[in-house]
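The following exercises concern a two-chain complex. Each task is followed by a solution that proceeds step by step.

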Amino acid sequence: MKSQRSLEIGTGLFVLLGFAALFFLTTQLPGSGLSLGEQAGYSVTAKFDNVGDLKVGSPVSMAGVRIGRVEAIRFDPTDYRAVVSLKVESSFDRIPDDSDASIQTQGLLGGKYVGIGPGGSETFLKQGSQIEFTQSAIVLESLVNKFFANFASKDAGTDTAKAE
Amino acid sequence: MIGASLGRIGAVVLFLLRVLGQCLPALAKPRAVIHQIYNAGARSLIIIMLCGLFVGMVLGLQGFDLLQRFGSEDALGVAAALGFLKELGPVVTALLFAGRAGTALTSEIGLMRATDQLTAMEMMAVDPLRHVIAPRFLGGVIAMPLLVAIFDIVGLFGAQLIGVQLMAVDPGAFWSQMQAAVELDDVYEGIVKSICFGFACSLIAVYEGYHAPPTAQGVGLATTRTVVVSSVLVLLIDYMLTAAFLGR
């Protein structure tokens with residue numbers, strides 16, 4: 001009877017563990033929802049014309065050092081821009097309030113992150129303040145298009161010169 | 001040679017149909033099935049978790065080394081999650097399952113055959129297919145997807161351990177890119193694969209045990225054949241399922 005009981009407990013534990021794992025795989029892995037552990041800090045917002053594929057949880061860095069993460073990305077229907085709220089760790093509390101934010105890419109294929117460039121102001125960013133100077137994500141396709149358009153027109157120019 | 005192979009395939013399919021016919025009556029007595037879930041699942045848990053951890057850690061190292069060359073080590077989370085969900089989880093778990101639970105099933109049933117226990121049941125008009133084979137088959141089929149899910153989780157933890165803790169991949173990028181890239185279809189692919197593998201491994205194990213020659217050598221050979229046939233079958237089914245899923 002004792003062994004029967006421990007067998008049932010073992011089976012129950014195994015099945016429970018298995019279903020918990022299945023639940024995690026189906027609900028937490030796709031899409032958002034996994035919390036990374038809240039860190040103390042203050043949030044500031046910045047408006048961008050285009051955030052590219054910036055994601056919630058992406059790093060916010062200054063001079064290459066991570067100082068926080070992207071907390072939320074919303075869309076502002078009044079001026080058709082993206083509002084990104086950045087959670088900056090409280091130890092980095094001396095960032096000038098005229099600093100600029102730009103969306104940059106890690107490596108060639110890496111994800112996007114928000115880079116902060118320091119300004120020269122004597123007052124600092126605090127909870128709820130907005131970063132005024134922003135630069136959007138560089139969309140690689142438009143850059144390549146621009147480059148090839150330039151190239152093609154130059155090429156056409158030399159061709160006609162030769163023909164003459 | 002060809003005739004013998006065809007005959008074996010036919011025998012396995014006929015055996016499968018007979019077992020499937022006995023599955024519902026066997027489910028009416030869940031205690032035996034629970035016992036077999038314990039044997040096949042709970043007792044494989046340690047080896048599954050241990051192997052998952054190390055496979056994940058290796059994937060973390062190798063993936064980091066490879067992705068670093070392209071400057072995109074942040075994609076490690078994506079690589080690990082998709083690798084585990086779609087391929088490594090189901091296949092490695094099925095191979096381990098064949099070695100750990102499949103062999104135990106085969107030798108147990110083979111010994112029952114060799115010591116005339118199955119014949120005795122038949123003499124008493126107790127159908128061994130219903131009372132011995134079907135619960136073991138069902139236990140394996142039910143245990144496999146759960147084992148695969150646990151293997152995936154532990155593996156991801158291992159990859160995270162190496163990637164984030166040791167190699168300093170940014171945890172935010174690791175998880176956020178993973179969540180952005182993994183879709184529910186990827187998870188379903190893994191679940192479908194694990195169910196199919198559980199089906200195949202359990203079937204081969206009980207078939208080989210049930211038809212083992214009633215000698216010490218026969219049971220030994222049947223156990224070996226379980227591992228070989230299950231492994232080949234798992235890899236074969238894996239290719240077909242992968243092609244089917246990619247072709248959609």
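**Exercise 1. Confidence of the model**

Task: Determine what mean pLDDT chain B has, and set beside it the average for chain A.

Solution. Step 1: The model is predicted, and chain B has a mean pLDDT of 90, with 100% of its residues reaching 70 or more. Step 2: Chain A averages 79, and 84% of its residues score at least 70. Step 3: Within chain A, residues 32-36 stay under 50 throughout, and the model has 10 contacts beyond four places in sequence for this stretch. Step 4: For the complex, the predictor gives an ipTM of 0.72 and a pTM of 0.73.

**Exercise 2. The fold of chain B**

Task: State how many helices and how many strands chain B contains, and describe its overall extent.

Solution. Step 1: Chain B contains nine helices and zero strands. Step 2: In sequence order the pattern is therefore written α-α-α-α-α-α-α-α-α, helices being assigned as DSSP runs. Step 3: The C-alpha trace of chain B spans about 70 × 40 × 35 Å along its principal axes. Step 4: Of the 248 residues in chain B, 50% are buried. Step 5: Among the contacts in chain B with a separation of 6 or more, 86% join residues 24 or more positions apart.

**Exercise 3. Helix 4 of chain B**

Task: Establish where helix 4 of chain B bends, and decide why it may be called largely enclosed.

Solution. Step 1: Helix 4 of chain B covers residues 76-114 and bends by about 55° at B:F84. Step 2: Because 28 of its 39 residues are buried, helix 4 of chain B is largely enclosed by the rest of the structure. Step 3: Just after this helix, B:D116 adopts a positive phi of about 65°.

**Exercise 4. Nonpolar cores and B:I162**

Task: Identify which residues have the most contacts inside the largest nonpolar core, and decide whether B:I162 is buried or exposed.

Solution. Step 1: The largest nonpolar core has 77 residues, and those with the most contacts inside it are B:A81, B:L147, B:I150, B:C201 and B:V206. Step 2: Helix 6 of chain B (residues 128-166) gives the most to this core, namely 21 residues. Step 3: Beyond its neighbours within four places in sequence, B:I150 is in contact with A:L17, A:G18 and A:A21 of chain A, and with B:I48 and B:M49 of chain B. Step 4: A second, separate core of 19 residues includes A:F48, A:V51, A:I103 and A:I116.

Step 5: B:I162 is found in helix 6 of chain B. The cut-off for a buried residue is 20 or more other C-beta atoms within 10 Å; B:I162 has 21, so it is buried. Step 6: Leaving aside neighbours within four places in sequence, B:I162 is in contact with B:M57, B:G60, B:L61, B:F64 and B:M167. Step 7: B:I162 and B:V206 lie 44 residues apart along the chain, and their C-alpha atoms are separated by 39 Å.

**Exercise 5. The sheet of chain A**

Task: Give the strand order of the open sheet in chain A, and explain why strand 7 and strand 8 each have one side without a neighbour in the sheet.

Solution. Step 1: The open sheet has eight strands in the order 7-1-4-3-2-6-5-8, with mixed pairing. Step 2: Strand 7 (130-131) and strand 8 (133-135) of chain A stand at the edges with a single partner strand each, so one side of each has no neighbour in the sheet. Step 3: Strand 3 and strand 4 (residues 81-89) of chain A pair in the antiparallel sense over eight bridges, and A:D76 stands opposite A:R81 in strand 4. Step 4: Strand 2 (residues 59-62) and strand 6 (residues 112-117) of chain A pair in the parallel sense over three bridges; here A:M62 stands opposite A:I116. Step 5: Strand 5 (residues 100-105) of chain A runs antiparallel to strand 6 and is joined to it by six bridges, with A:Y113 as the bridge partner of A:Q104.

**Exercise 6. The interface**

Task: Find how many residues of each chain are in contact with the other chain, and name the element of chain A that gives the most.

Solution. Step 1: In the interface, 34 residues of chain A are in contact with 34 residues of chain B. Step 2: On the side of chain A, the elements giving two or more residues are helix 1 (2-27) and strand 3 (65-76). Step 3: Helix 1 of chain A gives the most, with 15 residues. Step 4: By class, this side of chain A has 18 nonpolar, 12 polar and four charged residues.

Conventions: Residues numbered from 1 in each chain as written. Chains lettered and ligands numbered in written order. Predicted model: local features only at pLDDT ≥ 70, side-chain atom pairs only at ≥ 80, totals over all residues. Contact = placed C-beta atoms within 7 Å. Helix = DSSP H or I, 4+ residues; strand = E, 2+ residues; numbered from the N terminus. Nonpolar A, V, L, I, M, F, W, Y, C, P; charged D, E, K, R; others polar. Pairing = 2+ DSSP bridges. Buried ≥ 20, exposed ≤ 12 C-beta atoms within 10 Å, placed from the backbone. Bend = angle between axes of the 7 residues up to and from the residue. pLDDT = per-residue confidence, 0-100. Core = buried A, V, L, I, M, F, W, Y, C linked by C-beta atoms within 7 Å.
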